[in-house]
Amino acid sequence: MPEAALRELAAALDTGVPDAVPVLPALRAVVPGGGLRPGSVVGLDGPGAASLGLALVAGVSRHGGEDGAGGWCAVVGVPGFGVVAAAGMGAVPERLLLVDDPGDRWPDVVAALAEAVDLILLCPPERPGAAAVRRLSALARKHGCVLTLTGAFARDWPGARLRLRMDDVAWEGLAGGHGRLAGRRVQVVAEGRDAPGPGRRARLWLPAPDGAVKPDETVRPPLELVPPPEDRAIA
């Protein structure tokens, strides 16, 4: 059996991540195992990374915790984090810890939070050094905290098991050069060791017109194969 087929078979037989850190229901189709691996590093890439961060925080604060009634999240180094938008996606603001400017001691801030929360959304203010990467990755594994990276230095952090990004982005609501943005259709792509082979994809509203994250169930007409015209003899 070809290697690519073996990878696809292994992904199909995946029974899920034990004690996974939950995500929003709409994201479960694209995140392997239906949730994030505890103690893992997740990277958010490209345009739309901010919205993906909001969605992950919303999923954990709404569905996380030992009893599933809500978990704690920390947002470090993201002063523009949209609490209102996250709440529209389902986040519980009372379970969010916001550290807008952690300063030069940001690794110490993250280290302290890793012991207390289920997910940290971190925008490193600088290229992380090897010592900080080893220390914080080890603490995340020890405490089962998901370390989610965004920003310019997210890809400089080795060891990410999963990377999420958006493709095929289309805003709804504008027509003829005017109107109001009502919602955004996207394709969310999951890649990395936790999404082997070609990765996973799902079409979502992120956000939908009501601010939530939902599957994009728009029915698209199937492609119709039109036979080429028959050759005709020219009289």
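Helix α5 is followed by G144, a residue whose phi is positive, near 75°; helices here are DSSP runs of H or I with at least four residues, strands are runs of E with at least two, and both are numbered from the N terminus. The structure is a predicted model, in which local features need pLDDT of at least 70 and side-chain atom pairs count only at pLDDT 80 or more, while totals for chains, interfaces and linings use all residues. Residues are numbered from 1 along each chain as its sequence is written, and side-chain values use heavy atoms, with hydrogens and water left out.

The helix that comes before G144, α5, has 14 residues and reaches 20 Å from its first C-alpha to its last, close to the 20 Å expected at 1.5 Å a residue, where the expected span is 1.5 Å times one less than the number of residues. In α5, the residues A132, V133, L136, S137, L139 and A140 are buried. These residues cover an arc of only 160° around the axis, which puts them on the same side of α5; the arc is that of the directions from the helix axis to the C-beta atoms. On the other side of α5, A131, R134, R141 and K142 are exposed. Buried here stands for under 20% relative accessible area, exposed for over 50%, and partly exposed for what lies in between, with a 1.4 Å probe and protein chains only. The buried residues of α5 pack against β3 (41–44), α4 and β7, a contact being heavy atoms within 4.5 Å.

One of those partners, α4 (residues 106–114), has as its buried residues W106, P107, V110, A111, L113 and A114. They cover an arc of only 165° around the axis, which puts them on the same side of α4. Their packing partners are β4 (73–76), β5 (96–99), β6 (119–122), α5 (130–143) and β7 (146–149). D108 also belongs to α4, but D108 is partly exposed, with a relative accessible area of 29%. The C-alpha atom of D108 is separated by 8.9 Å from that of L136, although the two residues are 28 residues apart along the chain.

Strand β7, which the buried residues of both α4 and α5 pack against, contains T148. With a relative accessible area of 1%, T148 is buried. Not counting residues up to four places away in sequence, T148 touches V42, L44, L56, L119, I120, L121 and L122.

Among the residues that T148 touches is L56, and L56 is one of the buried residues of α2. How many residues of α2 are buried? The helix is mostly covered, since 12 of its 15 residues are buried, including A49, L52, V57 and V60. At 1.5 Å a residue, the 15 residues of α2 should span 21 Å, and its end C-alpha atoms are 21 Å apart, which agrees. Just after α2, G65 takes a positive phi of about 85°.

S51 is also found in α2, which runs over residues 49–63. S51 is buried, with a relative accessible area of 13%, and, leaving aside its neighbours within four places in sequence, it is in contact with M89, M166, R184 and L206. L206 in turn is joined to P207 by a cis peptide bond, with omega about 0°, and P207 has its place in the loop between β10 (195–205) and β11 (214–215). Another backbone detail is found at D168, in strand β8 (residues 162–175), where phi is near 50°, a positive value in a residue other than glycine.

G65, met above just after α2, returns in the largest pocket, which is lined by 16 residues, of which D19, V21, G65, E66 and D118 lie nearest its centre. A pocket, on a 1 Å grid over the protein atoms alone, is an open set of points where a 1.4 Å probe fits, with protein on both sides within 12 Å along at least five of seven lines, and lining residues have an atom within 4 Å of a point. About 250 Å³ of space lies in this pocket.

Taken as a whole, the protein chain has 5 helices and 11 strands, and buried residues make up 43% of its 235 residues. Of the contacts in the chain with a separation of 6 or more, 62% are accounted for by residues 24 or more positions apart.

Technical notes: Grid points are joined across faces, edges and corners, and a volume is the space filled by probe spheres set on the points.
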